[in-house]
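Student: I've got the model open and I'd like to go through the labels on it. Can you walk me through the reasoning behind each one?

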Amino acid sequence: MSKKLKWGIIGCAGIAKRAVIPGLHLSELNEVAAIASRDGDKAKQTAEQLQIPTAYDSYEALLADSSIDVIYIPLPNHLHKEWAIKAAAAGKHILCEKPLALTAHEAAEMAEAAEQAGVLLSEAFMYRYHPRYETIKNLIANGAIGEVRGIRSAFTFNNAGDKANVRYRKAWGGGSLYDVGCYPINAARLLLGKEPEAVTVNAQFSPEHDDVDMMAFGLIEFEGNVSLTFDCGMWSAFRNPLEILGSDGIIEVPSAFVTPTPESGTIFVTSGGERKEVEVPYVNAYTEQADHMARAITEGKALTFGAADGIRNMKVIDACLQSARERQRVIL
């Protein structure tokens, strides 16, 4: 590429400042050109802190900037649909934070807007761009652990004391399934290469936190009697493991979704009674995510994980929330 793609950031969310923008700064294909906030001073301060050339005091002003190629949306979940559709109308490609929307129907509306505008829309599950997931898929395909019998995963942390946090506003798309449960669900779909048939979820809804699901425990059924068992939460100790159980072995991913250090990307394979560490390169998954999108845009190729994948993931989350509220198994 002779020219870097210019990115505009809508909002000054923590994930943008802590991870996505630093990842973009490491990219040779992309650059952060502007950031917008409804608080002009906040936008200027963030721009200065993170070496971003331009700050806007409205999202509309950012979308009107003709130099911007891609928009990244890390806004609260209930705003994803509105601003993705507006970004598409402005002719911008879109990387939208997970969950893509509040429902599969909303996600489909976003996808339709992007298709009509001729722009790309992708959900920001950065973990899947780390090369270890290709390694894991190859290990499974090559029979390293025999036939896959099931997957176990979890993603939990404790932020329950911060009751003003957007995660604890029901109307804004708060709750653990939206925030972190989406990761094990997405990973199981990715690794199995299939869509679920049914879900059963038990959740702990908290009146102290606007009745959002603070913890959830689920069973996701796939064809062939293979299942994902998972838990997610915002009211317990931090962890994010993934384990793939096979007829002849096990693949363990101790830190499945975040890789802040070289060691955190490690995976282990147990087969024939021997547990071995599998070497994987240390990369910034946020950089890899942005670079994949840049190549798709400049080369006119389809995204590996486009809007259709986001819609399918939202269908599962919809079913999980329904199951948790109604306390029954939901068939997809």
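Tutor: Sure; it's a predicted model. Let's start with Asp-213 and its surroundings: the residues Asp-213 touches, not counting those up to four places away in sequence, include Gly-174, Gly-175, Ser-176, Leu-177, Phe-205, Met-234 and Leu-321. Asp-213 itself sits in strand 9, residues 212–222.

Student: What makes Asp-213 a residue with no salt bridge?

Tutor: Check the distance. The nearest side chain of opposite charge is Arg-325, 5.9 Å away. A salt bridge needs a side-chain nitrogen of Lys or Arg within 4 Å of a carboxyl oxygen, so that pair doesn't qualify. And Asp-213 is buried all the same.

Student: Then what makes the backbone nitrogen of Leu-177 and the side chain of Asp-213 a polar contact?

Tutor: The backbone nitrogen of Leu-177 lies 2.8 Å from a polar atom of that side chain. The cut-off for a pair of N or O atoms is 3.5 Å, so this pair falls within it.

Student: Ser-176 was on the contact list of Asp-213. Why is Ser-176 called buried?

Tutor: Because its relative accessibility is 0%, and buried means under 20%. Ser-176 is in helix 7, residues 176–192. Leaving aside neighbours within four places in sequence, Ser-176 is in contact with Asp-213, Met-214, Met-215 and Cys-232, among others.

Student: How do you know that strand 7 is mostly covered?

Tutor: Count the buried residues: 8 of the 11 in strand 7 (residues 148–158).

Student: What makes strand 7 and strand 10 a pair?

Tutor: Pairing takes at least two bridges, and these strands have 7, so they count, in the parallel sense. Strand 10 covers residues 226–233, and there the bridge partner of Gly-150 is Ser-227. Gly-150 also stands opposite Leu-245 in strand 12. Strand 7 and strand 12 (residues 242–246) run antiparallel, joined by 5 bridges.

Student: How do you know that strand 7 also pairs with strand 11?

Tutor: There are 2 bridges between them, and at least two is the requirement, so strand 11 (residues 235–239) makes it, running antiparallel. Asn-158 stands opposite Trp-235 there.

Student: Let's switch to the open sheet. What makes strand 3 and strand 6 edge strands?

Tutor: The order is 3-2-1-4-5-6, with parallel pairing. Strand 3 (54–56) and strand 6 (121–124) each pair on one side only. The twist averages 25 degrees from one strand to the next. In that sheet, strand 1 (residues 5–10) and strand 4 (residues 70–73) pair over 3 bridges, and Ile-9 has Tyr-72 as its bridge partner.

Student: What makes the backbone at Gln-51 worth a flag?

Tutor: Its phi is positive, about 55 degrees, although Gln-51 is not a glycine. Most residues other than glycine have a negative phi. Gln-51 is in the loop between helix 2 (40–49) and strand 3.

Student: And why is Gln-51 called exposed?

Tutor: Because its relative accessible area is 58%, and exposed means over 50%. Arg-327 gets that label at 64%. Arg-327 also has a positive phi of about 55 degrees, in the loop between helix 9 (307–326) and strand 16 (330–331).

Student: How do you know that the peptide bond from Lys-98 to Pro-99 is cis?

Tutor: Look at omega, which is near -10 degrees. Most peptide bonds are trans. Pro-99 sits in the loop between strand 5 (93–97) and helix 5 (104–117).

Conventions
Residues are numbered from 1 along each chain as its sequence is written. This is a predicted model: local features need pLDDT of at least 70, side-chain atom pairs count only at pLDDT 80 or more; totals for chains, interfaces and linings use all residues. Side-chain values use heavy atoms; hydrogens and water are left out. Helices (H or I, at least four residues) and strands (E, at least two) are DSSP runs, numbered from the N terminus. Axes are lines fitted to C-alpha atoms, for helices over the stretch in contact, and angles run from 0 to 180 degrees between N-to-C directions. Buried means under 20% relative accessible area, exposed over 50%, partly exposed in between (1.4 Å probe, protein chains only). Lys and Arg count as positive and Asp and Glu as negative; His and the chain ends are not counted. A polar contact is a pair of N or O atoms within 3.5 Å; within protein, one must be able to donate a hydrogen and the other to accept it, and residues adjacent in sequence count only if both atoms are side-chain atoms. Contact means heavy atoms within 4.5 Å.
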